[in-house]
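Q: Please take one close look at a single part of this model for me, beginning with a pair of charged side chains. I'm a first-year student, so explain the terms as you go.

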Amino acid sequence: MESRFTRTERVYGPDAVKKLAGSRVAVFGLGGVGGYALEALARSGIGALDLVDHDVVSLSNFNRQILATGRTLGSFKADAAKERVLDINPDCLVTVHRTFFLPDTAGDWDFSHYDYIVDCVDTVTAKLLLAGMAKSAGVPIISAMGTGNKKNPSLLRVSDLYETSVCPLARIMRKECRRRGIDRLKVVWSPEEPVQPFTDPEDGLAPSIPGSTAFVPAVAGLLLAAEVVNDLIRES
């Protein structure tokens, strides 16, 4: 009998699809990378998804964020994401956390409830906190490194953080993770040298804001989701 996940079942088998339906995954950050990661997780039949983001959809999101449409402009990304997930899979249990993940809010989460954590946040502080809390809870985590100012999605790859190079964000993360005793962290990253962004004082963006494409963050998000799905199935 045909279902939403019939084609997925043909790849992985019925037991794997049941495993995904019984899994709970938290996605921290629902921007260019996180939105596509969430899209693939929802379409893979993950049974419970926690969505963590405090931003609203803005015009500057439209070039790369799957949640950014005319209908969602001005909406909280977490609310738009919930609606989209339920359109894809009405049986999914979606929990919205309309907040930033920071040291003063970290106590709101019990990571032991999750089967996997997906880190798509922008700040080093939050990334380090996520990695540390995931390690303490014994929950697998995968973290997105920098995708801004990059053009070539074919260079994206998955490895341990300590195998990365070139990426400025990964360099900072390596240093800080060593200091905190985090000896491994699965990441999606690219060795592509970032371009120097063009700046225009009239575009409304701060000079420090990176440029972005429609495809590099999207591919990074899909790679994150693929690792989550395949890891969850391998554990079943």
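A: Let's begin in helix 3 (residues 32-43), where E39 and R43 are about one helical turn from each other because they are four residues apart. Helices here are DSSP runs of H or I with at least four residues, strands are runs of E with at least two, and both are numbered from the N terminus. Before going further: this is a predicted model, where local features need pLDDT of at least 70 and side-chain atom pairs count only at pLDDT 80 or more, while totals for chains, interfaces and linings use all residues. Residues are numbered from 1 along each chain as its sequence is written, and side-chain values use heavy atoms, with hydrogens and water left out.

Back to our pair. Side chains of opposite charge can pair when their charged atoms come close. E39 and R43 do this in a salt bridge, with 2.7 Å from N to O. The term means that a side-chain nitrogen of Lys or Arg is within 4 Å of a carboxyl oxygen of Asp or Glu. What about cover? E39 counts as buried, at 9% relative accessibility, but R43 is partly exposed, with 47%. Buried means under 20% relative accessible area, exposed means over 50%, and partly exposed is in between (1.4 Å probe, protein chains only).

R43 also has a link to helix 1 (residues 6-12), the home of T8. Leaving aside residues up to four places away in sequence, T8 touches G13, V17, R43 and S44; contact means heavy atoms within 4.5 Å. T8 itself is buried, with a relative accessible area of 18%.

Now let's put that pair beside other salt bridges; the count comes to twelve. In helix 7 (residues 216-234), R234 and D231 are three residues apart, so about one helical turn separates them. This pair is joined in a salt bridge at 2.3 Å, N to O. R234 is exposed, with a relative accessible area of 58%, whereas D231 is buried at 11%. Salt bridges with shared partners also tie K186, E227, D231 and R234 into one network. Another salt bridge joins R184 and D183, at 4.0 Å from N to O, and both of those residues are exposed.

Charged side chains can turn up by rings too. R98 lies over the face of F76, 4.4 Å from the ring centre, and R157 lies over the face of W189 at 5.1 Å. A charge sits over a ring if NZ of Lys or CZ of Arg is within 6 Å of the ring centre and within 35 degrees of the ring normal.

Rings can pair with each other as well. Such a pair is described by the distance of the centres and the angle of the planes. The whole structure has six aromatic pairs. One of them is F101 with W109, edge-to-face, at 5.2 Å centre to centre and 65 degrees between the planes. Rings of Phe, Tyr and Trp (its six-membered ring) pair if their centres lie within 6.5 Å; planes under 30 degrees apart are stacked, over 60 edge-to-face, and the rest tilted. F101 is buried at 5%, and W109 is buried at 8%. Ring pairs link these two with F28, F111 and Y114 in a cluster.

Last stop: the backbone. Most residues other than glycine have a negative phi. N149 has a positive one, about 60 degrees, although it is not a glycine. N149 sits in the loop between strand 5 (141-144) and strand 6 (157-160), and its 15% relative accessibility makes it buried. V166 also has a positive phi, near 70 degrees. V166 belongs to the loop between strand 6 and helix 6 (168-179) and is partly exposed at 31%.
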